[in-house]
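Open the model in your viewer and keep the selection tool at hand. The stops below go from the whole chain down to single residues.

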Amino acid sequence: MKILVTGGTGYIGSHTVLSLQEAGHDVVVVDNLANSSEESLRRVAELSGKTAAFHQVDLLDEQALDGVFREHAIDAVIHFAGLKAVGESVKEPLKYYYNNIVGTLNLIRVMDGHNVRRIVFSSSATVYGEHNPIPYVEKMEIGANNPYGRTKEQIEDILSDLGSADDRWHIALLRYFNPVGAHPSGRIGEDPQGIPNNLVPFIAQVAVGRREKLMVFGGDYDTPDGTCLRDYIHVTDLADGHVAALNHVADKAGVFRWNLGSGTGSSVLEVLHSFEKAVGRELPYEITGRRAGDLPAFWADASAALADLGWSTTKTLDEMCQDHWRWQKNNPNGYTA
Ligand code: NAD
Ligand code: UFG
């Protein structure tokens with residue numbers, strides 16, 4: 001199939017482009033490069049031996065997007081493009097609602113106009129909010145507690161309404177848990193701009209000497225070692241989950257929701273110690289106050305993706321850290337030479 005990947009130069013997008021090419025699909029990428037670099041796609045081409053067509057297009061520019069659909073006979077879309085920093089979304093909610101929601105509305109309107117009605121959407125575990133028991137199951141009521149999360153929830157609602165109104169749509173809503181790691185080649189990986197918000201990229205920058213020490217946000221939670229538990233998932237497992245979801249919706253209409261996670265939680269200190277093993281030395285850290293909005297623990301019930309898609313995670317936390325470290329060590333400044 002010919003797959004349009006929005007946000008395909010980004011972290012998860014670039015790994016998914018590679019998985020799609022390895023599975024035999026042709027890939028077209030649109031990205032405005034707001035949080036990524038075209039270098040990722042050059043490296044994906046090096047790994048797969050195939051070149052994805054790239055269009056530097058903003059989803060807010062409906063006409064330019066329409067041009068991409070006129071140029072390519074797209075069969076399905078995997079939609080990653082969006083802004084994703086929770087803290088920034090609290091400070092600049094309009095920027096997030098406008099970019100993520102209007103961008104998605106433009107995309108699905110253009111898709112509809114071109115009779116392309118298969119879409120796999122990047123949602124997030126953050127839609128489960130703070131009131132659900134763990135593990136999270138797809139049928140739970142959702143309710144995000146920050147503007148970023150609410151953009152995901154609202155896009156899920158928009159796509160669900162569309163699927164209910166028009167049975168020609170094939171829609172997969174994928175709720176990711178905590179993606180980390182990098183392709184085992186060390187050629188592509190996560191390249192955050194500025195100070196990383198997320199745990200593993202921050203640890204990686206401490207290990208490579210770009211940051212002094214890790215601040216562990218809270219050591220007094222009601223968890224085995226007092227630090228928060230999260231469900232970390234290797235980005236290549238996540239990318240393969242997209243190919244599995246795409247295969248499912250290729251011939252099945254309707255709206256499907258799947259958690260993509262491992263089904264287990266690891267603590268902040270477990271992640272740090274696993275990363276230390278990969279690096280081969282201890283890394284400096286300090287336990288500080290809790291970060292506002294953090295939940296003590298959450299992980300996925302990942303049984304629906306296994307039952308419906310035959311997909312489950314394959315990589316351990318140690319492998320995630322080894323691969324993340326290989327990428328960071330070989331590319332201390334990310335894609336910037
Ligand atoms: P990323 O920032 O690396 O990738 C997103 C890409 O979208 C970037 O390349 C950016 O330039 C592009 N983009 C943003 N707005 C755009 C627009 N208006 N038009 C065109 N391109 C645009 O992020 P990622 O970690 O690869 O995340 C991909 C998707 O997965 C996002 O939707 C994110 O919200 C979601 N997600 C990420 C995580 C995570 O922890 N990384 C967790 C859950 C869900
Ligand atoms: N943490 C630290 N120090 C840091 C960064 C993080 O101790 O410098 C801790 C956090 O307090 C949390 C854990 O490490 O306990 C994981 O934090 P991340 O920021 O890496 O991930 P979150 O679980 O907070 O959130 C991420 C994304 C969300 C997404 C969620 C589930 O940022 O957008 O995973 O997919 F919704």
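Begin with everything selected. This is a predicted model. For 337 residues, a compact globule would have a radius of gyration near 20 Å, and the protein has 19 Å, so the value agrees with that expectation. Along the principal axes, the C-alpha atoms fill a box of roughly 55 × 45 × 40 Å.

Switch to a cartoon view. The secondary structure consists of eleven helices and 13 strands. Of the contacts with a separation of 6 or more, 79% are between residues 24 or more positions apart.

Now turn on the surface. The accessible area is about 14100 Å², and carbon and sulfur atoms account for 48% of that. Of the 337 residues, 54% count as buried. Colouring by charge gives 30 positive and 44 negative side chains, with the centres of the two sets 3 Å apart.

**The cores**

Hide the surface and select V5, V17, L20, V120, L174, W258 and L260. These are the residues with the most contacts inside the largest nonpolar core, which has 37 residues. Add helix α8, residues 235-251: with seven residues, this helix gives the most to the core.

Centre on V5. Beyond the residues up to four places away in sequence, V5 touches V17 and L20, the run V27, V28, V29 and V30, and also I78 and F80.

Then select L214, C228, V271 and V279. They are among the 24 residues of a second, separate core.

**F177**

Which strands flank the loop that holds F177? They are β6 (170-176) and β7 (178-180). Is F177 buried or exposed? Its relative accessible area is 4%, so F177 is buried.

Show everything in contact with F177, leaving aside neighbours within four places in sequence. The list includes A125, Y128 and Y136, then D231 and I233. N259, L260 and G261 also touch F177, as do F298, W299 and A300. L260 has appeared already, as one of the residues with the most contacts inside the largest core. For a distance check, pick K152: F177 and K152 are 25 residues apart in sequence, and their C-alpha atoms are 13 Å apart.

**The loop between β5 and α6**

Go to the loop between β5 (118-124) and α6 (147-165), where P135 is placed. Most peptide bonds are trans. The bond joining I134 and P135 is cis, with omega about 0°.

Stay in this loop and select G143. With a relative accessibility of 30%, G143 counts as partly exposed, because that class covers values between 20% and 50%. G143 and V127 are 16 residues apart in sequence, but the C-alpha to C-alpha distance is 5.6 Å. Apart from residues up to four places away in sequence, G143 touches V127, Y128, G129, E130 and E153. Y128 is also in contact with F177.

**Two positive phi angles**

Most residues other than glycine have a negative phi. The next two stops depart from that pattern.

Select L33, in the loop between β2 (26-31) and α2 (39-48). L33 is not a glycine, yet its phi is positive, at about 60°. Its relative accessibility is 22%, so L33 counts as partly exposed.

Next select N115, in the loop between α5 (93-113) and β5. N115 also has a positive phi of about 60° without being a glycine. At 55% relative accessible area, N115 is exposed, since the cut-off for that class is over 50%.

**Two buried helix residues**

Move to helix α7, residues 199-207, and select Q205. Its relative accessibility is 2%, so Q205 counts as buried. Without its neighbours within four places in sequence, Q205 is in contact with P192, P196, R210, R211 and Q328.

Where is H324? Select helix α11, residues 317-330, which contains H324. At 1% relative accessibility, H324 counts as buried. Display its contacts, without residues up to four places away in sequence: V180, G181 and A182, then E190, followed by V200, P201, A204 and F275.

Methods:
Residues numbered from 1 in each chain as written. Chains lettered and ligands numbered in written order. Predicted model: local features only at pLDDT ≥ 70, side-chain atom pairs only at ≥ 80, totals over all residues. Heavy atoms only, no water. Helix = DSSP H or I, 4+ residues; strand = E, 2+ residues; numbered from the N terminus. Rg over C-alpha atoms; globule rule 2.2 N^0.38 Å. Buried < 20%, exposed > 50% of the residue type's maximum accessible area, 1.4 Å probe, protein only. Contact = heavy atoms within 4.5 Å. Areas by Shrake-Rupley, 256 points an atom, 1.4 Å probe, with all protein chains shown as cover. Lys, Arg positive; Asp, Glu negative; His and termini not counted. Charge placed at Lys NZ, Arg CZ, Asp CG, Glu CD. Core = buried A, V, L, I, M, F, W, Y, C linked by side-chain atoms within 4.5 Å.
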